[in-house]
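The following account asks the reader to work through a single model, moving from its strands to its interior. It is best read with the coordinates open alongside.

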Amino acid sequence: MNLKFLDMYQLADRIQCKTITKKKGIYPEYPAVKIGRLAIDEKYKGIGLGNDILDTICIMIKKMSKKLGISFITVDAYCTSHKFYLKNEFEYGCLLNSLIARTKKLKRTALRNKTASIHMYKDIRKIQIGN
């Protein structure tokens, strides 16, 4: 599938140091870009299109980060789709409890409220730009 253009909505955001590490950082907050939620039509699910779109967005933000001083990408992922972002190297904040407790809590929350979301982030330094 060839995408001629990509509508991407980005918002200025910030991420608190205590969200990403238990250690005290040099700065209390770091600049970030929040990306909107992604959705793929049912007939195109399972072919990697979502991964390709997210990779494109991350690469674009990494290139912008050199001029804008962006350190992180954030997203408010639906509890039902957090695994997609985990597979794409996004992380939960360290304020959440153990992985087992998180998984159980996310499943319960998703069952109760389909639009419940969880804040996730990705470090810009982890994004690889191919030649």
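The paragraphs below treat strand pairing, aromatic contacts, nonpolar cores and two individual positions in turn.

The model is a predicted one. A suitable starting point is strand β5, which spans residues 117-123. Five of its seven residues are buried, so β5 is largely enclosed by the rest of the structure. Strand β3 (residues 72-78) runs antiparallel to β5 and is joined to it by seven bridges. Within this pairing, Phe72 stands opposite Asp123. Strand β4, comprising residues 91-92, also pairs with β5 in the antiparallel sense, here over two bridges. In that pairing, Tyr92 has Met120 of β5 as its bridge partner.

The aromatic residues come next. Across the whole structure, a search finds four aromatic pairs. One of them is formed by Phe72 and Tyr121: the ring centres are 5.8 Å apart and the planes stand at 80 degrees, so the arrangement is edge-to-face. The assignment follows because planes over 60 degrees apart count as edge-to-face. This pair links distant parts of the chain, since Phe72 belongs to β3 and Tyr121 to β5, with their positions 49 residues apart in sequence. Phe72 has a relative accessibility of 6% and therefore counts as buried; Tyr121, at 5%, counts as buried too. A further edge-to-face pair is made by Tyr85 and Phe90, with 5.5 Å from centre to centre and 80 degrees between the planes. Tyr85 is buried at 2% relative accessibility, and Phe90 is likewise buried, with a relative accessible area of 2%. Phe72 and Tyr121 also belong, with Tyr30, to one aromatic cluster.

How do these residues relate to the nonpolar interior? The largest nonpolar core has 19 residues, of which Ile35, Ile61, Ile73, Tyr85, Phe90 and Met120 touch the most other members. Strands β2, β3 and β5 and helix α2 (49-68) each supply at least two residues of this core. The greatest contribution comes from α2, which gives six residues. A second, separate core consists of five residues, among them Ile15, Tyr30, Phe72 and Tyr121. The aromatic cluster of Tyr30, Phe72 and Tyr121 is thus included in this second core, whereas Tyr85 and Phe90 are members of the largest one.

Met120 deserves separate inspection. Apart from its neighbours within four places in sequence, Met120 is in contact with Ile73, Thr74, Val75, Ala77, His82, Tyr85, Leu86, Phe90, Glu91 and Tyr92. Among these contacts are Ile73, Tyr85 and Phe90, which are also listed with Met120 among the residues of the largest core that touch the most other members.

Two positions complete the tour. Lys34 lies in strand β2, which covers residues 29-35. Is this lysine buried or exposed? With a relative accessible area of 17%, Lys34 is buried, because the limit for that class is under 20%. The side chain of Lys34 is joined to that of Asp76 by a polar contact of 2.9 Å. Ala39, by contrast, is found in the loop between β2 and α2 and is exposed, with a relative accessible area of 73%. Although Ala39 and Ser81 are 42 residues apart in sequence, their C-alpha atoms are 10.0 Å apart in space.

How values were computed. Residues numbered from 1 in each chain as written. Predicted model: local features only at pLDDT ≥ 70, side-chain atom pairs only at ≥ 80, totals over all residues. Heavy atoms only, no water. Helix = DSSP H or I, 4+ residues; strand = E, 2+ residues; numbered from the N terminus. Buried < 20%, exposed > 50% of the residue type's maximum accessible area, 1.4 Å probe, protein only. Polar contact = N/O pair within 3.5 Å; in protein donor to acceptor, adjacent residues only side chain to side chain. Phe/Tyr/Trp six-rings, centres within 6.5 Å; stacked < 30°, edge-to-face > 60°. Pairing = 2+ DSSP bridges. Core = buried A, V, L, I, M, F, W, Y, C linked by side-chain atoms within 4.5 Å. Contact = heavy atoms within 4.5 Å.
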